[in-house]
Amino acid sequence: MAGQGEIVQRKIVMIGCGVVGQGFLEILVQKKELLSKKFGFEPVLVGVSDMMKGSVMVPEGIDIPAFLEHVSAGKKIDEFSAPGAVAGLDSIATIQQADADIMVEVTYTDIKTGEPATSHMREALKKGMSIATTNKGPITLHFKELCGLAEQNKAILKYEGVVMSGTPIFDLLDYCLAVNDVKEIKGILNGTTNFMLEKMEEENMAYDDALALAQKLGFAEADPTADVEGFDALAKVIILSNVVLGGNIGTDDAERIGISGITIEDVQQAKAENMRYKLIGSTKLVDGKIIASVKPVKLPLSDPLAGVGGAVNALTFSTDLSGDITIQGSGAGKIETGFAIMIDVLNIHREL
Ligand code: HSE
């Protein structure tokens with residue numbers, strides 16, 4: 001916290017300007033006074049680049065409310081006018097030319113290649129820029145390399161939102177539960193499938209109808225394979241294995257079974273047995289080896305994870321000193337995920 005009313009400006013460049021990026025900018029506007037008064041933090045947005053919408057760089061700082069209005073009216077970012085504005089740079093050129101302290105990386109996740117986000121991160125770290133991201137791709141595939149680059153260039157890499165969006169887990173482990181050994185992590189890491197299983201159980205809804213409803217409500221991806229086949233949860237399990245348990249595993253090193261094979265009869269049969277199906281992601285260390293999986297599991301109703309309904313995420317950390325700690329909260333959403341970026345940016349400000 002800055003002392004005695006001291007205000008520190010931090011220059012931010014944002015790569016990607018979709019739902020999450022705009023959510024973050026809305027929070028900056030909404031919490032401007034609090035950020036300044038309580039944390040001595042004044043963000044200066046010096047550039048934004050989006051593959052579809054274009055880019056703009058304004059060294060003196062972008063007027064964020066005016067920018068949000070411009071973007072939500074569906075206008076191209078290149079057309080945003082401001083004194084000294086430079087338009088039309090691609091994302092790499094924007095990172096190279098923006099004189100920023102922090103890069104916010106919120107492009108789409110590609111879990112197979114990690115691109116284009118990994119290239120953005122390498123470029124930013126080489127320049128000594130710290131990073132706040134919610135992009136699962138680079139953290140799933142290149143975590144160790146990116147940490148090395150950050151250390152080498154005295155930059156900070158933050159990724160609180162990659163597993164549970166705005167529900168804190170890495171800060172929880174790093175601060176509140178520090179000193180504990182985490183033995184095992186298991187939980188519900190995909191909101192869409194959790195919502196679907198609940199509808200199938202409570203409303204006897206057929207699998208296809210539950211999926212269509214999840215899509216209509218905006219939880220499921222446009223191509224829901226990542227949700228129902230467990231790829232989204234798998235990426236999160238890989239991240240937890242490598243970041244929290246110190247593993248070095250890839251997406252082929254964990255078992256993955258989605259919920260597409262679960263029928264309404266299976267769900268109803270489990271209910272009759274006082275059990276409940278959940279898509280559970282889990283990881284633990286056994287004799288120095290990571291054992292990780294994503295699969296549907298029948299839980300007794302007494303398990304805290306069995307009571308988690310809706311498009312919600314939850315994780316239980318089994319620790320040596322604090323026992324089992326379960327945290328539950330939203331795993332997606334514009335403002336929730338925007339908050340994950342906000343807290344990372346604020347913590348970078350506090351650490352710099
Ligand atoms: N489609 C994902 C879910 C969103 O349903 O949880 C975040 O990964």
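**Exercise 1. Find which residue of β3 is the bridge partner of D50, and place that contact in its sheet.**

Step 1. Start at D50: its bridge partner in β3 is G54. Strands here are DSSP runs of E with at least two residues, numbered from the N terminus. Residues are numbered from 1 along each chain as its sequence is written. Keep in mind that this is a predicted model, where local features need pLDDT of at least 70, side-chain atom pairs count only at pLDDT 80 or more, and totals for chains, interfaces and linings use all residues, while side-chain values use heavy atoms, with hydrogens and water left out.

Step 2. Now widen the view. Strand β2 (residues 41–50) pairs with β3 in the antiparallel sense over four bridges; two strands pair if DSSP finds at least two bridges between them. With three residues between them, β2 and β3 form a hairpin.

Step 3. Look at the other neighbour. Strand β4 (residues 86–87) pairs with β3 over two bridges, again in the antiparallel sense, and V86 in β4 stands opposite M57.

Step 4. Finally, check the faces of β3 (residues 54–57). G54 and V56 on one side and S55 and M57 on the other are all buried, that is, under 20% relative accessible area with a 1.4 Å probe, protein chains only.

**Exercise 2. Work out how the rings of F67 and F80 are arranged, and which parts they tie together.**

Step 1. A pair of aromatic rings is described by the distance of the centres and the angle of the planes. Rings of Phe, Tyr and Trp (its six-membered ring) pair if their centres lie within 6.5 Å; planes under 30 degrees apart count as stacked, over 60 as edge-to-face and the rest as tilted. This rule gives three aromatic pairs.

Step 2. The ring centres of F67 and F80 are 5.4 Å apart and the planes are at 80°, so the pair is edge-to-face.

Step 3. F67 belongs to helix α3 and F80 to the loop between α3 and β4, so the pair ties together parts that are 13 residues apart in sequence. Helices are DSSP runs of H or I with at least four residues. F67 and F80 are both buried.

**Exercise 3. Do the same for Y159 and F170.**

Step 1. Their centres are 5.1 Å apart with 75° between the planes, an edge-to-face pair.

Step 2. Y159 lies in the loop between β7 (157–158) and α8 (161–164), and F170 in helix α9 (residues 170–176), so parts eleven residues apart in sequence are tied together.

Step 3. Both Y159 and F170 are buried, and ring pairs link them with F143 into a cluster.

Note on methods
Buried means under 20% relative accessible area, exposed over 50%, partly exposed in between (1.4 Å probe, protein chains only).
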